[in-house]
Amino acid sequence: MEEAPPDIKRRRISAADGSPRGIRCLTGLPSGILAHAASFLAVPSMALFAIALDDDSAASPNERSAAIVGNQWDTLDFGEIEKELAVKLSDAHIEKVLLCIDAVNKVKRLKLTNCVNITGVGLEPLRGSLIIEQIDLSLVGEHQSPSISPEPQISCSHVLPILDSIIEREGCSLMHLQFPQVWREGPTIS
């Protein structure tokens, strides 16, 4: 068996003092490498990746999570990730994503496609947003049936105060609001 030429052998990463540096988990990698890896992910997955790496990134986004998520957040569409993942997302996940990307100041279009396990309390970081133009709470993708079974848990009592705080602000940019079918149907009259 031939030995590989020395210029293409794997090299051990060394610390400044020359000792071998072991990287035992993703959080040990430099933020530039993590940001590059995240650039191959769907947009919502970038934010989920950042919050998975930093338990407290939602509380105060640090340099690493900021490098991973970047600045381009005009549209946040959870339909861009696998449905099997989106249906497992909770209000806590949605809230952490919105905080991590500074959604109140960056997101213009929010689509909660397939996020059927949320009540809406996780939308709190959008309170008072002047930049958001479209919110799709239908929980289904474009050209899909609006019927969801079992009925989603999204609650008017959680979501409407947040929407009211957006609409009541002078300079509100909200132009399109799509409600879930269960809200549009209303009570039936016999």
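Helices (H or I, at least four residues) and strands (E, at least two) are DSSP runs, numbered from the N terminus.

**View 1. Order of helices and strands in the predicted model.** Along the sequence the protein follows the pattern α-α-α-β-α-α-α-β-β-α-β-α, which comes to 8 helices and 4 strands. In this predicted model local features need pLDDT of at least 70 and side-chain atom pairs count only at pLDDT 80 or more, whereas totals for chains, interfaces and linings use all residues. Residues are numbered from 1 along each chain as its sequence is written, and side-chain values use heavy atoms, with hydrogens and water left out.

**View 2. Contacts across the sequence.** Among contacts (heavy atoms within 4.5 Å) between residues at least 6 apart in sequence, 73% join residues at least 24 apart.

**View 3. Two cysteines, Cys 115 and Cys 172.** Cys 115 has a relative accessible area of 0% and is buried, while Cys 172, at 28% relative accessibility, is partly exposed; buried means under 20% relative accessible area, exposed over 50%, and partly exposed in between (1.4 Å probe, protein chains only). Of the 190 residues in the protein, 37% are buried. The search of the whole structure finds 0 disulfides, a disulfide being a pair of cysteine sulfur atoms within 2.5 Å.

**View 4. Surface of the protein.** About 11500 Å² is exposed, and carbon and sulfur atoms supply 52% of it, with accessible areas taken from the Shrake-Rupley method with a 1.4 Å probe, where for residues only the protein chains shown count as cover.
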